[in-house]
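Hi,

Here is the structure I said I would pass on. Have a look at it first, and my notes on what turned up follow underneath.

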Amino acid sequence: MGVQNLAVACGALALCLVLTTATNPGFVVRITQAGLDYAHQHGIAMLEKKLAELTLPDMSGDFRVLRVGKVHYELSRLRLRSFHLPYSRISPVPNVGLQVAISNAFAELDGDWRVKMLFIRDHGSFDLKVENVYIKISLRLGSDATGKPTISTSDCSTRISKVRVLFSGKFGWLYNLFHGAIESKFKKILESKVCDSVAESVHNELQTYVRTLPVTAKIDARTGIDYSFVAPPVATAQSLDTGLKGEFYSLAHRSTVPFSPLPLSLPSDHDRMVYFGASSYFFNTAGFAYHTSGALVFEITDAMIPKDVDFHLNTSTFSAFVPQLEQMYPNMPMKLRLSTLTAPFLNIGPGGISLKPVVDVQAYAILPNSSLAPLFVLSLTGNVSAVIDVRSGHIVGSLNVGRIKLSLKDSVVGTFQVRLLQSIMNIFASNILLPRLNARLDEGFPLPLPDRIRLLNTFVRFHQNFLLLGADVHFQPKA
């Protein structure tokens, strides 16, 4: 009993270690049955073309006929005219991957025949019809060491129920004596060739296509997104779910993100072909990557102030709020440098996306020799909300800023009433800073999509700690 208890305890410990070391995805992709059916349509069309290109070997053999003797036959120039797959379905199978079942397929081919019997020589052509073909294919889904998806044929079986050969020629009674043996040979050869063709198509066509899914995507000159698989796709009875790393990173120097993704479980929605779950971790790594790359440093100069705003960024204007400026730096242009001490951290809930960044505003006087004289540092905080959408395969968005709160953090020009600068900072935020941020967000960030896929009927829905994007897909075949 003690040994059994020890074994149970060790097993539980091992399970805990596995669970604690497992990597939660920052991004999840779900392909529903509707999405699989759509992909299946294009895959079957491709397989039909591939099977119609099958080449069959020449055949020959001998058999004996009572009171006639040995008969030698040869079949050559076998040409497959068509191969049709009218009925098929695809299903996700837990612990297997995907299974494709094809039924009532049929094919037609023709060729030439030649017969030698005693002193008789004859030749001609024949037609062959293959009917009631059943094909069962199991596809194994995984990922390689680089996080790219892999797909392979784990099992394939073909069963042909009926083969009919029709010979043209004047010795019909003779052909009927050996058509059974020929039909049996054709059946065995075709059954083997079909599965060989399936495996080749999966490897050369399907595997090549799924690997067009970008596991890393360069966004701009500073950052990229890591969409590598953290585990092989998981098949359930209704869908195929894949966990991706979902992490932004700095192109200059990729550093470890100082926080981890929470478990991400998508709701049981199946109205669309595909769903994307973008976690708060996904978005927060964007803030971390842009912060560490130095992209969240903004400078405001007088030239950037809209012409319809009736003031200038100089010490003469600011001396109305900071009296000492006019005495220390009379009539000099100014510059504001905005930066975040830490990466902005957002929250996602059923009500939407919100964040409360803390920004330092360093004010400088620009001296006649173009050097900068530090004046004061303001701490700026405000509630920011985001609107998210999907456009052209990208997550796009825009920010809205609520009322800004200011506090004086440091000053070399004496103390002053910070609240007097409130309206000016609101103008800088809404007329200069926000348009720049929203212009970048409007360019968007690419979703993990393979080549020639376009999203339709998209929607965005907020959940606790993640954003759910749903869409149908349209595949554009190569011209």
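**Thr340 and the places around it**

Let's start with Thr340, which sits in strand β15. Keep in mind throughout that this is a predicted model. With a relative accessible area of 14%, Thr340 falls under the 20% cut-off, so it counts as buried. Its side chain has a polar partner: a contact of 2.9 Å links it to the side chain of His291. The side chain of Thr340 also comes to 3.5 Å from the backbone oxygen of Thr342. If you leave out residues up to four places away in sequence, Thr340 touches His291, Leu296, Val358 and Val359.

**The second largest pocket**

Leu296 turns up again here. The second largest pocket holds about 1100 Å³ of space. It is lined by 45 residues, and those closest to its centre are Leu296, Pro344, Leu399, Leu437 and Leu441. Which elements give two or more residues to that lining? They are α4 (280–292), β15 (334–340), β17 (352–355), β19 (372–391), β20 (394–411) and α7 (422–443). Sorted by class, the lining comes out at 32 nonpolar, 9 polar and 4 charged residues.

**Gln362 and Ala373**

Next, two residues in strands. Gln362 belongs to strand β18, which covers residues 358–366. Is Gln362 buried or exposed? At 17% relative accessibility, Gln362 counts as buried. A polar atom of its side chain lies 3.3 Å from the backbone oxygen of Phe376. Setting aside residues up to four places away in sequence, Gln362 touches two runs of the chain: Lys335, Leu336 and Arg337, and then Pro374, Leu375, Phe376 and Val377.

Ala373 is part of strand β19, and at 8% relative accessibility it is buried as well. Its contacts, with the same neighbours in sequence left out, are Tyr329, Ala363, Tyr364, Ala365 and Leu367. Ala289 is a long way off by comparison with a contact: from C-alpha to C-alpha, Ala373 and Ala289 are 30 Å apart, with their positions 84 residues apart in sequence.

**The disulfide**

How many disulfides does the structure hold? There is 1, and it joins Cys156 to Cys195 with an S to S distance of 2.2 Å. Cys156 lies in strand β7 (residues 149–167) and Cys195 in helix α3 (residues 172–210), so the bond ties together parts that are 39 residues apart in sequence. What is the handedness of the disulfide? The torsion about the S-S bond is about -85°, so it is left-handed. Cys195 has a relative accessibility of 15%, which makes it buried.

**One more residue**

Last on my list is Met117, in strand β5 (residues 97–117). Met117 is buried, with a relative accessible area of 3%. The C-alpha atoms of Met117 and Asp62 are 9.9 Å apart, while the two residues are separated by 55 residues along the chain.

If you only have a minute, I would open the view at Thr340 with its 2.9 Å contact to His291, and then go to Cys156 and Cys195 for the disulfide.

Cheers

Methods
Residues numbered from 1 in each chain as written. Predicted model: local features only at pLDDT ≥ 70, side-chain atom pairs only at ≥ 80, totals over all residues. Heavy atoms only, no water. Disulfide = S-S within 2.5 Å. Helix = DSSP H or I, 4+ residues; strand = E, 2+ residues; numbered from the N terminus. Buried < 20%, exposed > 50% of the residue type's maximum accessible area, 1.4 Å probe, protein only. Polar contact = N/O pair within 3.5 Å; in protein donor to acceptor, adjacent residues only side chain to side chain. Contact = heavy atoms within 4.5 Å. 1 Å grid on protein atoms, 1.4 Å probe; cavity = no way out; pocket = protein on both sides within 12 Å on 5 of 7 lines; lining within 4 Å. Points joined across faces, edges and corners; volume = space filled by probe spheres on them. Nonpolar A, V, L, I, M, F, W, Y, C, P; charged D, E, K, R; others polar.
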